[in-house]
Amino acid sequence: MTPEQKIAELGLTLPEVPAPAGAYVPAVRTGNLVYTSGQVPFVDGKLQRTGKVGADLTTEEGAEQARICALNALAVLKAEVGDLRKVVRVVKVVVFVASDPAFTEHPKVGNGASELLAEVLGEPGRHARSAVGVAALPLDAPVEVELIAEVA
């Protein structure tokens, strides 16, 4: 089963890659590595949730937003390489969590992104990861995800 077929089996659809909101590109390929720009939880061009995890969203709701971000990152990756079967390995994922100062469950929020990548890509989707809390994210997004992938 291809990654695209797995996405469909999960009841998901790869979105269109939105135009950058600033002076950057959605992804950069150098050699066999692709770096995606940070992806926020846009669905149909709109943020699904805003606010801080631990204040406005629960840990579980944050994880769902991270899952959306990861799906958006996969869309960027596919736009860059043409076919997700070319992904040899997701090397690194960084999850930024806009959170209440007392919030400490950033890794659980990050699991939303990590679990989606493993579901879609299998073993090549398992990766190193950082999940960090930040005071705020663009557009008041609760989560932002970026990734580095090795491609064939």
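These legends walk through several views of one predicted protein model. Local features are described only where pLDDT is at least 70 and side-chain atom pairs only at pLDDT 80 or more, while totals for chains, interfaces and linings use all residues. Residues are numbered from 1 along each chain as its sequence is written, and side-chain values use heavy atoms, with hydrogens and water left out.

**View 1. The whole protein, with its three helices and seven strands.** Helices (H or I, at least four residues) and strands (E, at least two) are DSSP runs, numbered from the N terminus. Following the sequence, you meet them in the order α-β-β-β-β-α-β-α-β-β. The C-alpha atoms fill a box of roughly 40 × 30 × 25 Å along the principal axes. The radius of gyration is 14 Å, which agrees with the value near 15 Å for a compact globule of 152 residues. This radius is taken over C-alpha atoms, and the globule rule is 2.2 Å times the number of residues to the power 0.38. Of the contacts (heavy atoms within 4.5 Å) between residues at least 6 apart in sequence, 81% join residues at least 24 apart.

**View 2. The surface of the protein, about 7,400 Å² in accessible area.** Carbon and sulfur atoms supply 52% of this exposed area. Accessible areas come from the Shrake-Rupley method with a 1.4 Å probe, and for residues only the protein chains shown count as cover. Buried residues make up 41% of the 152 residues. Here, buried means under 20% relative accessible area, exposed means over 50%, and partly exposed lies in between (1.4 Å probe, protein chains only).

**View 3. Strand 5 and its pairing with strand 7 and strand 6.** Two strands pair if DSSP finds at least two bridges between them. Strand 5 and strand 7 (residues 143-151) run antiparallel and are joined by nine bridges. Look for Lys92, whose bridge partner in strand 7 is Ile148, and for Val93, whose partner there is Leu147. With strand 6 (residues 128-134), strand 5 pairs in the parallel sense over seven bridges. Val95 has Ala131 as its bridge partner in strand 6. Between strand 5 and strand 6 the chain passes through helix 3 (residues 106-121), making a right-handed β-α-β crossover. Right-handed means that, with the strands pointing away from the viewer, the path from the first strand over the helix to the second runs clockwise.

**View 4. Strand 2 beside strand 7.** Strand 2 (residues 33-36) and strand 7 pair in the antiparallel sense over three bridges. Find Tyr35, which stands opposite Ile148 in strand 7.

**View 5. Asp83, a buried loop residue.** Asp83 lies in the loop between helix 2 (59-81) and strand 5 (87-98). Asp83 counts as buried because its relative accessibility is 17%. Its side chain makes a polar contact with the side chain of Arg85 at 2.7 Å. A polar contact is a pair of N or O atoms within 3.5 Å; within protein, one must be able to donate a hydrogen and the other to accept it, and residues adjacent in sequence count only if both atoms are side-chain atoms. Leaving aside neighbours within four places in sequence, Asp83 is in contact with Glu4 and Lys78.

**View 6. Asp44 and Leu139, each with a positive phi.** Most residues other than glycine have a negative phi. Asp44, with phi near 55°, sits in the loop between strand 3 (42-43) and strand 4 (46-47). Asp44 is exposed, at 75% relative accessibility. Leu139, with phi near 65°, is found in the loop between strand 6 and strand 7. Leu139 is exposed too, with a relative accessible area of 59%.
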